[in-house]
Structures are given as structure tokens and as C-alpha cells.
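Reader: I've got the model open on my screen. Can we talk through the helices and what the labels mean?

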Amino acid sequence: MARTKNVKLIRTIGLTINFGLTLAAIVGLYLEGVSWFAFGFWAVAAYFCMLTHETFYHRYFSHKSFKTGRKTQFVMGLLAELAPVRGPVFWAALHRDHHRYTDKERDPHSPSSGIWNSYMGWVYQEENIAHNYKNCADLTRYPELLVIDRLFWLPMVLSFIAIYWLGAYLATAAPALGTSGFQLLVWGGFLRVLYVVHIFAMLNLLSHLSVILPKYKQGYRNFDSPDSSRNLWWLAIFGAGVGWHNNHHRYGVYATSKVMWWEIDTTAWVIYLLEKMGLIWAVKWPPPKHIEEAKAERKRQKELRQLQRRARKNNVKDEIEAPLGGSNKEAA
Ligand SMILES: [Zn+2]
Ligand SMILES: [Zn+2]
């Protein structure tokens, strides 16, 4: 009974964050519009939250790409909750399942369970909300993490109050900025949270879409990983490195998702900085062989493409399989 009540409550909070904030943002944009200050505040705040999510929720809590102290770990959890996609333990539990069962039935947000479920619906499913956290014993042994996991909405709400106050103060102290309490709340609060929520939602859906659409060829694969993951450059730019998803699926434990020189991963920069500051240690940077493996795979793909082109040119319908990661065939 208590469990059902809890699931209902968490689902309501989640729906309020996603749909309530969307509605509030639309109304707020209509009523308050935008100012350069509010837009700049949003850009900085949204990217900051994207970085905290990717650095702490993903590479630390989920994959343990580095080590840190107990106090720093707690602060990391709180910072990432400024734009919550639920709490750090929940996020890690579900994400570890995603890596363990990628593209399979138990993958919590595989596109094969439906577009909506992959995009956002998975957060509201009872079996996910009431996850037993058995795959997160390394995190559940810290009671303070379980407290902030349950109160995942609180840092966000407190930040909303602080941002509203800041906007209201600036409206009188610096009217030339053209902002107000509500305008800054809409941009620096609501739209900041929605940015992070939708970046991860797009990642879940678009980087694995080929599992249901074999002809889907957005992005590329550096590794012949046994799953449908693809690298999407634009998602990597806007999502602080999350878009290098095929790289990440091949070597999820590394502190960087970057492999090729053009793959920018700003989260790795943050991790590097934190390491230099002595706040984290034992960072798992990739060995050079990891790049050699990607180069070999890219070379293989190039040769296969040339073979396919030549076959088409000669009108030869031979048995060259689509080898470029469009489906799970390679995993079979
Ligand atoms: Zn994935
Ligand atoms: Zn991961």
C-alpha cells in the first residue's frame, strides 16, 4: 500500500516537473517575453546543469569514472538536482540497467518499447519508479544519498525561489537589464530544467532509434559495439558530450566519451579540472589502444562502403551485409 502511494506521489511530482513546467514556461514566455539578460542567464544555467548531470549523475554515480570523498559526492548529487531527472541513485540504477540490457526487453528506455516510453514515459512506469536499487549497493550504503534521492525536487524548487528573488531585485536595482522576477524564473528556472530533461530524452530515443528503424542512419559509429548506439554530433555539442553515445557504449567506464580529434566532450574538461583541483582522483582516462580500435573500425567501415559502391556500380547484387551499425545484426 505504502509502495503504491509512494509510486503515485513520485509519478505526480515527475509529471508536474515535465508538463507543469512546460505549461508554466509557455504562459511565462507569453506574459514576460525575453531580455538579453534572461536569455544569457538561461544559456549559462542550462549548460551548467547539463554539465553537472553528465559529470556527476552519469560518469560518477552511474559509471564510477573517478573517485571522490563522501562530502564532495553529496554536493555533486545536490548540484545535479538543480535540473532533476529524478535523484542520483534512481538515475544510476536505471542507467546501469540500460547498459546491462541495451536494446533488450529489460532496457528501461529502449525505442523498441515505444517512442513515448523511450523519450520520457519510462520515468513514470511503476517498475522503474519502484526500482529495488540492487544494482547500486555502492550508492545505497550512504544514507545521505538516499535522502537527496527521495527529495530530488527540493534543490530545484529552492533554486526557483532564489532566481525569482534575483530577478525581482534586478528589476529595481538594474532596470536597464529589462528583466523581472517572473521572467528570470521562466528562463533561468523552468527552461533550464526542461533543457536538461529533453536533451536526455532525445539521447535515449535518437541514439538508439536504429533498433526499430534499421534504415535510420543519423550519426555514425566508431565501434562495432553489440548494440544500436550511434554518435550524434549535435547532441554531443548541446549535451556536454552525451551524444558520443556509441563511444560511450563501447567503453562506458572512461571519464571521456571523446575518441576522434573532432569529438568535443566538455564534460571531460570538467573532470580534468576537478582532478587538477584535487577534488576527485583515480580518474579512468582511456588508454591509446582505444583510439586505435576506433581507427581500425572506421577503416573497416570505409572499405565496406567502397565495396558496396563498387558492387552497385558493377550491378552485382552480392551478399554484402549493411555493416554500418544500422541494426543489431552485428550483435547477433
Ligand atoms: Zn544507450
Ligand atoms: Zn552510461
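**Reading the helices**

Author: Sure, starting with helix α3 (residues 70-80): its buried residues are Gln73, Met76, Gly77 and Ala80. This is a predicted model, where local features need pLDDT of at least 70 and side-chain atom pairs count only at pLDDT 80 or more, while totals for chains, interfaces and linings use all residues. Residues are numbered from 1 along each chain as its sequence is written, and chains are lettered from A and ligands numbered from 1 in the order in which they are written.

Reader: What makes Gln73, Met76, Gly77 and Ala80 buried?

Author: A residue earns that word if 20 or more other C-beta atoms, placed from the backbone, lie within 10 Å of its own. Those four residues of α3 are buried, so they pass that cut-off.

Reader: Why are they said to be on the same side of α3?

Author: Because they cover an arc of only 100 degrees around the axis, going by the directions from the helix axis to the C-beta atoms. An α-helix has 3.6 residues a turn, so residues three or four places apart point the same way.

Reader: What covers them?

Author: The cover includes α2, β1, α4 (88-100) and α8 (143-150).

Reader: Why are α4 and α8 called roughly perpendicular?

Author: They pack at an angle of about 90 degrees, with their axes 7 Å apart. Roughly perpendicular means 65 to 115 degrees, so α4 and α8 fit the label.

Reader: Which residues meet there?

Author: Pro88, Val89 and Phe90 in α4 meet Leu145, Leu146, Ile148 and Asp149 in α8, contact meaning C-beta atoms within 7 Å.

How values were computed. A residue is buried if 20 or more other C-beta atoms lie within 10 Å of its own, exposed if 12 or fewer, and partly exposed in between; C-beta atoms are placed from the backbone. Helices (H or I, at least four residues) and strands (E, at least two) are DSSP runs, numbered from the N terminus. Two residues are in contact if their C-beta atoms, placed from the backbone, lie within 7 Å. Axes are lines fitted to C-alpha atoms, for helices over the stretch in contact, and angles run from 0 to 180 degrees between N-to-C directions. Angles under 35 degrees count as roughly parallel, over 145 as roughly antiparallel, 65 to 115 as roughly perpendicular and the rest as oblique.
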